[in-house]
Structures are given as structure tokens and as C-alpha cells.
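Here are a few notes to help you find your way around this one. Have a look at the picture first, then read on.

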Amino acid sequence: MKTAASTTPTVYVVDDDVSIRESLSSLIRAEGMMVEVFASPLDFLAIERLKDFACVVLDVRMPGLDGLSLQDELAHRGWEVPIIFITGHGDVPDAVRAMRAGAIDFLKKPFEDFALLHAITSALSRVSSTFHEKLEIAELQARYDQLTPREKEVLVMATKGRANKVIALDLGISESTVKVHRHNVMSKMQFRSLPELALALQRLKPESH
């Protein structure tokens, strides 16, 4: 499942009641979050990209595939996203099953706005650290990709502790050129010290450096 990064959290609302979808959408947007609404679990499963920084507000009882079955299907597909259930019934067995399967909360309609917003905040906090780590790695990768092939060669040798004179001999270039490459590397990668950069590069995929 491919994911797309955005610094603004997204709340997916899945409910067959159009009035519920509209009211929740207005409430969540007013808090500065993005919202995507779906009339059924099957509509939700048809999306191509699942945002990294997101959660799902999911109705329990819906025609066809219900909310609990959707929760099971998401787990089966490996789509890791926090779920907040909302229901007009509030059956204890449903709540127990949902929470055991990892749901963040189980709210009975009608619920107070603050209760839902609190649940959404809790859900997003679960994924916040992981999301921001992915974002940092993506930004680091983007900066690394800006390096020229020669700058990457110099970077690899420099992080292995090779002196400029040795790097120059190995690459068949002048020592002054090596210094220019090293300066460009530090500037493009936005690091002040080589040890910090070397440590940061360990977070990238092995084939990247």
C-alpha cells in the first residue's frame, strides 16, 4: 500500500448517513485538519493512497460490509491506521471486539464534539512520531539525491575517515577539488559536521549511499 506524506493530518470518515458525514466533516475541518468522507467501507477500500498522518472515524453498523468487518480487512491488508468507532447502538460485544482489535475509542451517538476531537487527537498522537520520522528521512533522501555522483563518492570516502589527500589520489583529482566537493556536500545536506552527517546517512536505505 503506497502512502503519501502531508504535514496536515487527514481524518477519513466512513458513514452511510450523509448528515453525519457532513457534520463531522465541518467539525474536523474547523480544527484545521483535512477530511475525506466515504459512504461505505467498500468506497474507502477503493482509495489508492493511504495518508501516513491519518486516522479513521468509522460507523459500526452499515449495509453490506460493516465497520468491524472493515477493521478486520484493514488489518488483513496491512493498512495500519488508528480507528475511532462511532455507533448509534453501543453494543458491549462490538465495543470489546473493536478495542481488542486495536481501536482507539468507541463513541455512542450522539456524542459531544470534544469527545470525538479528543479521540482524534489521541489517534493522531499514535502515528505522529512515526510519521515525522518518515518525513525527516524523506527530506534527508531528497537532499542526498541532489548530490552529484562525484560528491557522493567524496562523501562516502570522507565518512570512512579518509583524508582529503587520500581521496584526491583515489579519485585522480586535486586536493583543492576535494575540498570544494566536501563543502558542496555539507551545504546541500545541511549539516555542520561530518560525524553528524555520517550518523544521519545510516537512516537511509543501504543502496542510497
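1. A word on naming before anything else: helices here are DSSP runs of H or I with at least four residues, numbered from the N terminus. By that count, Asp43 sits in helix 2, which covers residues 41–45.

2. Keep in mind that this is a predicted model. The protein chain has a mean pLDDT of 85, and 89% of its residues reach 70 or more. The start is another matter: residues 1–5 have a pLDDT below 50, although in the model this stretch makes 18 contacts beyond its near neighbours in sequence. Where pLDDT is low, the predicted coordinates should not be read in detail.

3. Now the sheet. Five strands make up an open sheet with parallel pairing, and their order is 3-2-5-6-7. At the edges you'll find strand 3 (34–38) and strand 7 (105–108), each paired on one side only. From one strand to the next, the twist averages 20 degrees.

4. For a look inside the sheet, try strand 5 (residues 54–59) and strand 6 (residues 83–87): they run parallel and are joined by four bridges. Asp59 stands opposite Ile86 of strand 6.

5. Which strands does helix 1 lie across? They are strand 2 (10–14), strand 3, strand 5 and strand 6, and the helix runs at about 170 degrees to strand 3. Helix 5 also packs on the sheet, where it touches strand 2, strand 5, strand 6 and strand 7; its direction is at about 140 degrees to that of strand 5.

6. The two helices meet as well. Helix 1 and helix 5 (residues 113–145) pack at about 65 degrees, their axes 11 Å apart, and the crossing is right-handed. On the helix 1 side the contact involves Leu24, Leu27 and Ile28; on the helix 5 side, Asp113, Leu116, Leu117 and Ile120. That makes six nonpolar residues, no polar ones and one charged.

7. Is Ser25 buried or exposed? This residue of helix 1 (residues 18–30) is buried, because its relative accessible area is 12%, and the cut-off for buried is under 20%. Leaving aside residues up to four places away in sequence, Ser25 touches Val35 and Val37.

8. Back to Asp43 for a contrast. Its relative accessibility is 40%, so Asp43 counts as partly exposed, that class lying between the 20% and 50% cut-offs. Asp43 and Val14 are 29 residues apart in sequence, yet their C-alpha atoms are 8.6 Å apart in space.

Terms used: Residues are numbered from 1 along each chain as its sequence is written. This is a predicted model: local features need pLDDT of at least 70, side-chain atom pairs count only at pLDDT 80 or more; totals for chains, interfaces and linings use all residues. Side-chain values use heavy atoms; hydrogens and water are left out. pLDDT is the predictor's confidence in each residue, from 0 to 100. Contact means heavy atoms within 4.5 Å. Buried means under 20% relative accessible area, exposed over 50%, partly exposed in between (1.4 Å probe, protein chains only). Axes are lines fitted to C-alpha atoms, for helices over the stretch in contact, and angles run from 0 to 180 degrees between N-to-C directions. A crossing is left-handed if the near helix is turned anticlockwise from the far one by less than a right angle, and right-handed if clockwise. Ala, Val, Leu, Ile, Met, Phe, Trp, Tyr, Cys and Pro count as nonpolar, Asp, Glu, Lys and Arg as charged, and the others, Gly among them, as polar. Two strands pair if DSSP finds at least two bridges between them.
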